[in-house]
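Here's a quick walk through one model, one topic at a time. Keep the viewer open as you read.

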Amino acid sequence: ENSIRLAVVPGDGIGPEVTAEALKVLEAVAPVTVEQTRYDLGAERYLATGEVLPDSVLEEIRGHDAILLGAVGGKPGDPNLPPGILERGLLLRLRFELDHYVNLRPSRTYPGVTTPLADHVTGGREIDFVVVREGTEGPYTGNGGALRVGTPAEIATEVSVNTAYGVERVVRDAFGRAQRRERKLLTLVHKTNVLVNAGAVWWRLTQQVAQEFPEVTVDYMHVDAAMIFLATDPTRFDVIVTDNLFGDIVTDLAAAITGGIGLAASGNVNPDRTSPSMFEPVHGSAPDIAGQGVADPTAAILSAGLLLDHLGHADAAAALEAAVLADLAERDPATKRSTTAVGDAVAARLA
Ligand code: NAD
Ligand code: IPM
Ligand code: MN
């Protein structure tokens with residue numbers, strides 16, 4: 001079956017701009033055909049109607065093979081759009097309700113793309129690792145609260161939730177990915193020296209699941225030290241497994257060291273396939289450049305590639321990635337191309 005029933009949520013800011021290019025490229029990849037349902041979820045709908053993600057829309061989205069999302073969220077500080085309304089109510093709700101427990105974020109260097117790292121940092125080797133970020137737990141669950149708000153005695157808490165069930169399943173997924181890769185190296189990134197309760201669960205279950213994967217080498221790094229090595233020795237990483245918040249931060253840095261946030265793709269994956277997985281760039285709605293037609297759509301396009309791969313269209317995914325690589329290799333850093341020009345160029349390579 002080469003037809004994909006795709007739920008499309010372009011969202012806010014540059015979301016619609018980059019999503020249009022990802023769709024353009026998806027339409028150009030043979031032999032896949034796309035049957036789109038578009039959802040106007042995001043800031044505009046919220047401001048007009050107060051709706052963020054109606055239950056009926058969520059149920060409709062469930063009926064698709066996959067979801068392609070642009071970005072949601074407004075300009076930080078906008079009084080009409082308090083932070084979290086869309087991020088929590090739309091994006092995180094989709095991740096939680098659809099049980100996207102593997103937030104997959106690959107990072108690699110691309111021929112022709114310069115990085116802020118000096119050559120001696122990579123020693124001429126390519127950076128190529130994948131972050132398996134837990135997607136449904138941690139400090140993201142909204143388990144916390146505020147007392148005596150606005151007073152000098154205010155207390156705010158965000159409690160990180162780490163269940164054995166949730167940690168074990170994402171750790172097992174990460175081991176599986178490490179096993180299928182050449183280097184077979186898994187690095188657990190946490191903060192077990194301070195977050196001793198959550199840390200103990202992650203540490204113990206990593207050691208336990210490791211027994212099932214004797215070929216995989218297991219390493220551990222505190223998250224602060226991991227930032228040092230991401231900047232000074234990133235080729236040491238192969239698969240990183242980490243919690244929801246650490247994974248968020250690690251993957252923006254990972255993007256920055258491999259050519260920028262405009263290239264970083266992600267998949268919110270439900271490996272059990274009990275609901276559609278969702279693919280989106282790592283970046284946000286970028287209010288600072290929205291509407292100018294200058295956002296790089298490459299991250300969104302590569303996310304569509306992850307989508308193809310997830311749905312079993314390995315050849316189409318490889319063709320898409322090859323087209324992006326060829327496009328990147330021929331980019332002239334001195335000439336800034338528009339968002340649509342990049343999408344057109346990649347699509348043309350596939351036609
Ligand atoms: P951001 O990723 O939107 O932007 C950070 C910087 O990166 C900005 O300077 C922006 O111009 C640049 N940038 C991002 N994507 C780019 C692209 N494709 N091409 C070129 N430059 C790009 O992060 P932020 O500014 O912290 O957040 C802005 C809004 O987006 C907030 O409301 C935030 O909550 C939301 N957000 C949403 C998602 C998502 O939907 N998945 C992810 C991150 C942030
Ligand atoms: C991301 C974003 C989201 C996250 C926000 C917008 C909820 O930063 O996808 O990386 O923290 O997961
Ligand atoms: Mn993020």
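## Two helices in contact

In this predicted model, the α11 residues A319, L320, A323, V324, A326 and D327 meet A345, V346, R349 and L350 of α12. Sorted by class, that contact has 8 nonpolar and 2 charged residues, with no polar ones.

Two packed helices are usually described by the angle between their axes and the distance between the axes. Here, α11 (residues 314-329) and α12 (residues 339-350) pack at about 125 degrees, and their axes are 9 Å apart. That angle makes α11 oblique to α12. As for handedness, α11 passes α12 in a right-handed crossing.

## Around the ligand

Ligand 1 has 22 residues around it, and the closest are G73, G262, H283, G284 and A286. Split by class, the shell around ligand 1 comes out as 12 nonpolar, 6 polar and 4 charged residues.

## The annotated span

An unreviewed UniProt entry annotates residues 5-346 as "domain: Isopropylmalate dehydrogenase-like". In the model, residues 5-346 are 41% helix and 20% strand, and the C-alpha atoms at the two ends of the span lie 22 Å apart.

## Backbone oddities

Most peptide bonds are trans, and most residues other than glycine have a negative phi. Two spots are worth a look on that score.

The peptide bond joining A30 and P31 is cis, with omega at about -5 degrees. P31 sits in the loop between α1 (15-28) and β2 (33-38). Then there's R148, a non-glycine residue whose phi is positive, near 50 degrees. You'll find R148 in the loop between β6 (144-147) and β7 (155-158).

Definitions and conventions
Residues numbered from 1 in each chain as written. Chains lettered and ligands numbered in written order. Predicted model: local features only at pLDDT ≥ 70, side-chain atom pairs only at ≥ 80, totals over all residues. Axes fitted to C-alpha atoms, helices over the stretch in contact; angles between N-to-C directions. Helix = DSSP H or I, 4+ residues; strand = E, 2+ residues; numbered from the N terminus. Parallel < 35°, antiparallel > 145°, perpendicular 65-115°, else oblique. Left-handed = near helix turned anticlockwise from the far one by under 90°. Contact = placed C-beta atoms within 7 Å. Nonpolar A, V, L, I, M, F, W, Y, C, P; charged D, E, K, R; others polar. Near = placed C-beta within 6 Å. UniProt positions renumbered as here; feature names shortened; annotations may be inferred.
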